[in-house]
Structures are given as structure tokens and as C-alpha cells.
Amino acid sequence: MNNFFRKSYYGDIPEDKGGGDQSKQPSKVPSNGADLGEASDWPLWEIFIRSKQGLDHKHMGSLHAADAQMAIENARDVYTRRMEGISIWVVESKYIHASNPDDAENFYEPAEDKVYRHPTFYDLPDEVKHM
Amino acid sequence: MEKECIDYLLHLADDSLILGHRNSEWCGHGPVLEQDIAITNIALDLIGQARNFYQYAAQLINGSQNAGSSKTPSLDGGFGGEASEDTLAYLRDRHEFKNCLLTEQPNDDWAKTILRQFLFSSYQYFLYEELQGSSTPQIAAIAEKSLKEVTYHLRWSSEWVIRLGDGTKESHQKMISAIEELWKYTGELFEATGYELQAASENMGVDPSSLKTKWEQKVKNVFREATLPYPDKVSMKTGGKQGDHSEYLSHILADLQFMQRAYPNSEW
């Protein structure tokens, strides 16, 4: 049996599996229905779901699909079967640009000693609630 | 009337149970993980519909038995004399099942599974649409709930028919083969049995022949988009709704009923 599952980490999507190279056209159907290895022809999609109470779409995970329509339906079947959502966004993973973990030091650490950026140094009148 | 009414419910339930069981055979074997989940969801929807119809049928069977009419031995064996959704699903024999032959056809490849679902969902869509107006509140309610599920089954299977039909040379050919194998079972969907006509005459059910034109139009539209030829008239195979089944149903029931037959009343 060929590889059924293939791991992709965020920011680490291999070029031939949907990341980067846009010139490669995926086939519309698996050329051999029984062979899941063929599914790697299908690009990876990132799925965002808005829940009933939620105001914004939240990232739920990723899945494979031949096109946007199939991605939305796959997302419906994979991520909303337990009443999780009322709206679905899909975006092909290759269009997501991620920050580089190597940049963490100069990206995030400088914020650590700048507590004054939090709006906690104001005296709030009692009448103002829910802050 | 009572017998036709129960037969009609069993027919509706059996169609859903057997197709649901067929689809469930894909669980863990789907062509891709996401579609494995999709077909399993559909299997569960169908089995859920079957449960609703069986539960109502069991209620009517128990009611009529209490009223003193003759018992149907195979419906109460091992279950304390009362019919239930379980006795109806697990303890009836092949000739007592009233599902259409289409629903018991083997999965074979993905193309055939998809086409079987599409042909049946198109039929079920128009059927439930009409059944929402049933004079029997329970049937109308089940139809209304199920129609939402079937609307998605139809959408999903239509898109796959188009995707495969208008896909690669190989997928197109597989759809053509699937049509050749399954088309002969479509006639039965619209050929009314005695219990269907009786149910229709009481506004409880629908005469399926009245759904044929709408079904043909739907199938034609999708086939056209899928670049698949709409078949010429062929000689139709029928009998499933009357209990005259292919050998395939025996294998399904052997699988489905083994546990309850071997270990009656077992629970888990």
C-alpha cells in the first residue's frame, strides 16, 4: 500500500504538494480511485469556520481537494459534522505566507519588556464597565 | 389498509438501510480521506432515516398485534414479542425486504458507487419533497428532516458524476461502465407496487410513477454537464420492492444480521 497520509507542517508545505510552484496543474480526479497516493495531486487547502456564536472565521485545519468547490464540501463533511459551523472559508495553502521561525528572536522578543503597550495604566471611571 | 401501510414504511426504511449499509462498506477504504468521511456521513444519514421509518412501523405493528390480528413470527422472535427497529432490521429474511434492487448493487469502484448514489438521491429527493405533504404526520416530519440531508447527497453525488464524467478519459469510461451496469435498475424506482398505490390513495404516500418526469429531467441535466450519454430504453430488472432480490442482498444481510442472529439480544 502506498502512503495514505502525508504530513505537512505550517510554513513547511512542500513545493510539489501545493506550496510555492503554481505552474503545476493538479488533475481533476484521482487517476486511480483505489490509490490514495494519487490524492497528493490535489492541492492542500486551509479551512476556516465561523461558529454560531463566533464573529470571525477560525482556522480549523487543512485538507486536500481538487478545487475550491470540493474543498468547501470536504470542509463541510470533515469539520462541520458536529454542528461546529455556519460559514466556511477555504484558501489554498500555497497562498498563505508564513513568518519564518528563525525570525522569532527579532520578531517577538523585543515586545517582551514593553508592558506600557498594554492599556493598563489608565484610571477608569467606575461607570465604564466591560473593559 | 394496515398491512399496506406497514409495507410502505418498511419499503422506505429498507431502501435507506440497504443503501446506507452499502455506503458504510467504504468506511476506511474511500479514495481519499475527505471522501471517506463524506460517504460515511451519507451512510449514517441513510441509516438514520431507516431508523425513523422502522420505529414508526414497529409502533404500528405492535398496535395492530395488540388489537388481536395475527402475529408476524419473524418480527418478534427473540425480542420479547414486540417489534422494534432492531427486529425489523435484524430479524427479517431476504424475501421480506422491500428495498429497490438498485440499493443492493455492489460498490465495485468509486464511479459506480457515485452513480448509484446519484440515481437514488435524485429519486429520493423528489419522493421526500412530496412526502412532506403526507397526511400521516410522522411520515411528513421524517420526510422534512430527511430532505435536508438528501439535498446534500444529491448535490455531492451530482458534482462527482460531473467531475468523473467530464474528467479524464479513464474516469469518463468508468462512468459509462457504471451507467451500463446500473441503468437497468432505475425502472423499478418508478414502478408502483400495490402497497405504494394504496398508500398514495390514502395520501399517506406517493405514487412513484408521478416522480419519473422530474427525475429524468434532473438526470438528463447532470449527464449533459458530465458529457455522459443519456441511455436508451433498456429492459428493466424489477422485483426488489416485492421481496424478489438478487443474491447480493443475502450477502448484505449475512453481514448485517450475523451478530443478532448468532447472539440474540446482545447489547454493547
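Guide: Axes are lines fitted to C-alpha atoms, for helices over the stretch in contact, with angles from 0 to 180 degrees between N-to-C directions. The model is predicted: local features need pLDDT of at least 70 and side-chain atom pairs 80 or more, while totals for chains, interfaces and linings use all residues. Residues are numbered from 1 along each chain as its sequence is written, chains are lettered from A and ligands numbered from 1 in the order written.

Visitor: At roughly what angle do the axes of helix α1 and helix α9 of chain B cross?
Guide: Helix α1(B) (residues 2-24) and helix α9(B) (residues 194-201) have axes that come within 8 Å. Their arrangement is roughly perpendicular (65 to 115 degrees), because the axes cross at roughly 110°.

Visitor: Which residues of α9(B) make the contact with α1(B)?
Guide: Contact requires C-beta atoms, placed from the backbone, within 7 Å. On α1(B) the residues are B:Glu4, B:Cys5, B:Asp7, B:Tyr8 and B:His11, and on α9(B) they are B:Gly194, B:Tyr195, B:Glu196, B:Gln198 and B:Ala199.

Visitor: Which helix gives the largest share of the largest nonpolar core?
Guide: This core (buried Ala, Val, Leu, Ile, Met, Phe, Trp, Tyr and Cys joined through C-beta atoms within 7 Å; buried means 20 or more other C-beta atoms within 10 Å) has 71 residues. B:Leu115 and B:Met175 are among those touching the most other members. The largest share, 13 residues, comes from residues 110-131 of chain B, helix α6.

Visitor: How many residues are in the second, separate core?
Guide: Its members include A:Leu44, A:Leu63, A:Ala65 and A:Ala75. The count for this core is 12.

Conventions. Helix = DSSP H or I, 4+ residues; strand = E, 2+ residues; numbered from the N terminus. Parallel < 35°, antiparallel > 145°, perpendicular 65-115°, else oblique. Contact = placed C-beta atoms within 7 Å.
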